[in-house]
Structure formats: C-alpha cells, structure tokens
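Me: I'd like a close look at one bit of this model: how a helix packs against its partners. Could you take me through it slowly, contacts and all?

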Amino acid sequence: MGNNKPMKSSVQLLNLLTLFAVYWLISLVALSRPYLPIDETRYVSVAWEMWQQHQFWVPHMNGAPYSDKPPLLFWLIHLGWTLFGVNDAWPKLISPLAALLAQFHLFRIAHRLGGSDYAWRATFVLAAMLLWVAYSGALMFDVLLTACVLGAIAPLVSADSPLSRRQWLIAGVWLGLGLLTKGPTALVSWGVIVLTAPYWRGRVAPVWWKGVGLALALAVLMLLAWALPAAWLGGDAFARQLFWGQTADRLSQAMDHARPWYWYFPLLPVLLFPAWTWPPLWPRHRWRERLERFAGCWALGTLAFFILISAKQIHYLMPLLPALALLAARELPQSDRQPPRLWGFGLGWSLLALAGLVLNVTGSPLLRDGIDPLGALLLLAVALGSLAIRLHSPMAMLRAMALCNALAWVVAIHVMLGPLWSAYDVSAPSQVIKDWQTRSGAVAIADMDYQATFGFAGRLTAPLQEIKSEKVADWSQRHPNGLIVSKVSEAADIPEGAQAFRYRGRWLVLREARNLLKQSTTL
C-alpha cells in the first residue's frame with residue numbers, strides 16, 4: 001500500500017476534530033429544519049404511535065400495522081425518548097450518530113487493509129460525497145443500515161486465517177442489526193463480499209463457509225426473535241406482508257419505485273460530488289492488490305444488484321459508498337507534492353448558488369418565496385473561497401474539501417433554502433387537527449395518500465379516517481362536528497371559510513363538516 005508510516009498524533013487529532021466538525025455541521029442542518037413529508041414524518045409518526053400505544057413489537061401507522069420496515073430505527077427513537085423525554089431533536093440526531101459509527105467501522109476496515117494513513121483518507125473521501133452528507137442528516141434507514149453492514153464486514157478483513165468464532169459472531173450480530181434495520185437488503189453487500197472471498201482474500205478453507213453459515217444463522221435468529229412474535233400480534237395480513245409481500249414486491253413489481261435499469265447512471269456524478277471532481281481521486285490503478293479486489297467486488301456487486309432489481313431510489317446506494325471511498329482513497333498520492341486546487345468543488349457549488357439566484361427571480365412562487373438570495377450569495381462566496389485554498393499535501397486538501405463540503409451544505413440548506421422549509425412544516429395544521437380531535441372528535445383525510453404525516457407533529461392519539469372525495473358529503477352528514485383535510489393546487493381553489501396552509505407547492509385545506517353541509521344546502 002505504499003507509505004504506511006504512523007501519522008503524528010497532532011495530525012490524528014486534527015483529523016478527528018475535522019471529522020467531528022463535519023458531523024456537527026450536518027447535525028445543525030438536521031436540527032434546523034422540520035421533518036420532511038412524507039418519509040421523515042411517516043417514520044417519526046410510526047415511532048410515536050408505537051410509543052403512545054405502548055406497542056413495541058408491531059409498528060403502527062395511522063392505527064394499522066405497518067409492515068414496510070423492521071423496528072430498529074423506531075426502537076432507537078424510543079431509547080432517546082426514554083432517556084430524555086419525547087422531543088423533536090433526538091430522532092434527528094440518530095442518522096448523524098449512525099454516520100459517525102459507520103465512519104468508525106470504515107476506518108477499522110481501511111486500517112486493516114492499508115494502515116492508518118489510508119484509513120483516514122478513506123474516511124474523508126466518504127465525508128466528501130454529497131449523497132452521504134445529505135442522508136447523514138435525514139431520518140431514514142439507510143445510514144443506520146450502512147453502519148450495521150460495515151460492522152458486519154469489518155471482521156471479514158481481519159488478517160487472521162481462519163477467522164475465529166468470536167469474529168464470525170460479531171459479524172452475525174451486526175448483520176442481525178442490519179436485518180432489523182431494513183430487512184434482507186442488509187445481506188446484499190455482505191453477501192457479495194463473502195461470496196467473492198476466494199478472489200479478494202485468496203484461497204479460503206471450508207471453515208470460511210462454516211463461519212458464513214454461523215453468522216447468517218445468528219443474524220436470521222435475531223430477526224426472527226422479533227418477526228415471529230410481531231407476526232402473531234399483528235395478524236394474518238401483517239404477517240403475510242412481513243414475510244413475503246415487501247421483499248417479493250420490491251424485487252419484482254417494485255411498488256411505487258419501479259425505474260429502468262440505467263436510472264442510477266445519470267445521477268452518480270451528482271451523488272458522488274465533489275469527491276469525483278478532484279483529479280487526485282481519479283482511478284489510475286488496476287485491481288491487483290487485495291484491497292482493490294475487495295473494494296471492487298463490493299462496489300460492482302452491490303451496484304449490479306441494485307441495477308437488476310426494479311425498485312430504485314437514490315438512498316438504496318448508501319452501502320455502496322464506503323466501497324467507492326476505499327477505491328478512491330487508494331488513488332490519493334502519498335507524496336508531498338502540492339495537489340491541485342478544488343476547481344470542481346468551487347464550480348459545482350457556484351452553479352447551484354447561481355441557479356438559486358435565477359430561480360429566486362424566474363421560478364415558481366414556491367421557489368421565489370423559498371430561496372433566500374442572500375443565502376445564495378453566501379453559498380457563492382463559500383464556493384469561490386474554496387478556490388483560494390492551497391495546502392501542502394493531498395491529505396490536507398482532502399480534509400479541507402470534506403469540511404468545505406459540509407459548510408456549503410449548511411449554507412445551501414439552512415440559509416439559501418431556509419424559507420422553503422415553511423412549505424414542508426406540518427406543525428401548524430397538525431396542531432389544528434390535534435385540537436379538533438380533543439374538542440370535537442372525528443377528522444377525515446380526503447383523497448390523500450395519507451402516511452401519518454400529522455401524527456407526531458400533532459402528537460395525535462387517534463387515527464384519521466381516510467375517505468374518497470365522493471364520500472365527503474356522506475361523511476359530513478354522519479360527522480357534522482367533524483373536520484375534513486384535503487389538498488388543492490391553487491390558492492383560488494381554497495373554499496370559503498376553510499383554513500389553508502402551504503404544503504409542498506400546494507395548499508392543505510382544513511374544512512369544518514358543518515360548513516360544507518351549509519354550502520351544499522345553499523347550492
């Protein structure tokens with residue numbers, strides 16, 4: 001691996017402080033914005049519903065068992081609420097903390113493959129990827145899944161031959177936590193690595209495959225320890241979806257996320273920005289060494305799997321990013337020769353800032369109101385300022401790129417797009433719904449794909465009724481004191497006497513059933 005001399009303690013400390021600064025900035029963004037519909041509001045509302053019903057085995061959404069995801073993320077939310085009380089902040093910090101855990105596991109993997117210097121390079125390459133930074137501050141499953149998968153991979157790269165039973169058990173525990181995070185998806189990267197071991201590790205003895213079986217058995221037992229009681233408590237329909245429907249649908253019909261096989265390729269330059277724009281990280285080596293074969297099999301095998309299945313979302317690629325970081329870090333020169341400036345970084349963020357300025361003038365009303373031109377100018381200043389950075393070593397420039405990337409992310413999301421988040425904040429309508437349930441009772445959602453959007457924000461204790469638009473009049477007659485929630489596209493379409501809130505480029509309308517009945521009678 002070239003120069004593996006131990007790094008000075010002062011450099012190690014600087015690396016550590018820089019990494020914590022990156023995740024402090026990511027956490028700042030997460031804490032400064034509301035939970036975003038529909039994913040984040042759904043997951044925190046599922047956790048809230050489980051919490052207030054004291055139902056910790058079966059996730060629930062709007063009163064019905066929720067089979068889409070296993071419970072580990074929800075349990076982690078409950079852990080924080082148990083320690084600190086129910087609050088908005090703790091769930092937003094889970095992904096940044098999971099990202100730090102993932103970075104720790106990646107460091108261990110890279111250290112075993114190439115030494116301390118290489119481990120730090122891989123760590124900062126990952127921190128310099130926009131997809132990783134974006135989802136490290138989002139309340140979703142993929143960063144937590146990646147942390148668990150990396151924990152399961154770390155024992156596999158041990159120099160021990162064969163691996164000890166303890167190492168296989170550690171791999172099995174982390175793999176089991178991955179299954180409890182996002183189900184069988186946790187097996188993809190880990191499975192690719194163990195199956196290609198004869199290529200990247202060399203000849204493997206039969207005891208290797210026994211260890212694989214031991215780790216898999218432990219992981220599956222951990223999943224079943226939750227899934228079997230949950231299936232019994234959740235009923236037949238929940239059990240069917242849990243054990244078959246979700247996985248089979250995602251692999252074949254893909255439900256709502258079916259996309260063509262090439263869908264990821266045009267997105268990769270944006271998702272891997274700015275790391276790929278810096279020439280010292282560009283590929284130059286053939287995959288001849290163990291490290292390169294290991295990371296190459298991991299990256300190509302995982303990408304091939306997600307290309308072949310019909311369900312495609314950008315966050316599905318999260319477990320692929322550490323493999324790409326390992327490959328890119330291998331290319332970073334070890335010499336003291338001064339590296340090039342961050343031209344690609346500066347250009348990319350400058351283009352985003354200029355686009356913000358243009359959309360503030362020419363965009364839709366949502367964009368004009370949602371983009372702060374001063375924030376766009378500040379982002380432009382950060383982007384152009386990065387071009388002045390000229391440090392003495394490739395590692396110092398990589399560290400600077402990761403930190404500047406996190407800073408640009410904060411400015412873009414917290415400042416430039418700060419006004420936009422009001423259109424995604426459901427706190428106000430959720431509170432109206434909560435007050436209405438407390439005073440009058442029934443609340444219905446009309447013609448909306450409702451996924452518990454208002455549950456946690458309003459601390460609701462009863463599910464909302466979902467109805468079709470043609471049933472609104474009948475429902476109103478049965479519930480004259482009720483409240484009906486619906487969406488309209490334009491402000492001109494808001495009914496007289498209704499409460500309206502901006503919501504994702506449209507309007508959320510709350511109408512009293514009695515007023516609707518009066519209007520119908522008048523007509």
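Reply: Contact here means heavy atoms within 4.5 Å, and the helices are DSSP runs of H or I with at least four residues (strands: E, at least two), numbered from the N terminus. Keep in mind that this is a predicted model, where local features need pLDDT of at least 70, side-chain atom pairs need 80 or more, and totals for chains, interfaces and linings use all residues. Residues are numbered from 1 along each chain as its sequence is written, and side-chain values use heavy atoms, with hydrogens and water left out.

Let's pick H4, residues 89-127. One partner is H18, residues 394-416, whose axis comes within 8 Å of H4's and crosses it at roughly 30°. (Axes are lines fitted to C-alpha atoms, for helices over the stretch in contact, with angles from 0 to 180 degrees between N-to-C directions.) Angles under 35 degrees count as roughly parallel, over 145 as roughly antiparallel, 65 to 115 as roughly perpendicular and the rest as oblique, so H4 and H18 are roughly parallel. The crossing is left-handed, meaning the near helix is turned anticlockwise from the far one by less than a right angle; clockwise would be right-handed.

Who touches whom? On the H4 side you'll find Trp120, Arg121, Phe124, Val125 and Ala127, and they meet Met395, Leu398, Arg399, Ala402 and Asn405 of H18. By class that's seven nonpolar, one polar and two charged residues (nonpolar: Ala, Val, Leu, Ile, Met, Phe, Trp, Tyr, Cys, Pro; charged: Asp, Glu, Lys, Arg; polar: the others, Gly among them).

Now swing round to H1, residues 9-32, whose axis comes within 10 Å of H4's and crosses at roughly 155°. H1 is therefore roughly antiparallel to H4, and this crossing is right-handed. H1 brings residues including Leu16, Leu19, Phe20, Tyr23 and Leu31, while H4 answers with, among them, Leu93, Pro96, Leu100, Trp120 and Phe124. The tally for this contact is 13 nonpolar, seven polar and one charged residues. Trp120 and Phe124 of H4 turn up in the contacts with both H18 and H1.

If you carry on past H1, look at the Pro37 to Ile38 peptide bond: it's cis, with omega near 0°. Ile38 sits in the loop between H1 and H2 (39-52). After H2, the loop leading to strand E1 (60-61) holds His54, which isn't a glycine but has a positive phi of about 55°. Most residues other than glycine have a negative phi, and most peptide bonds are trans.
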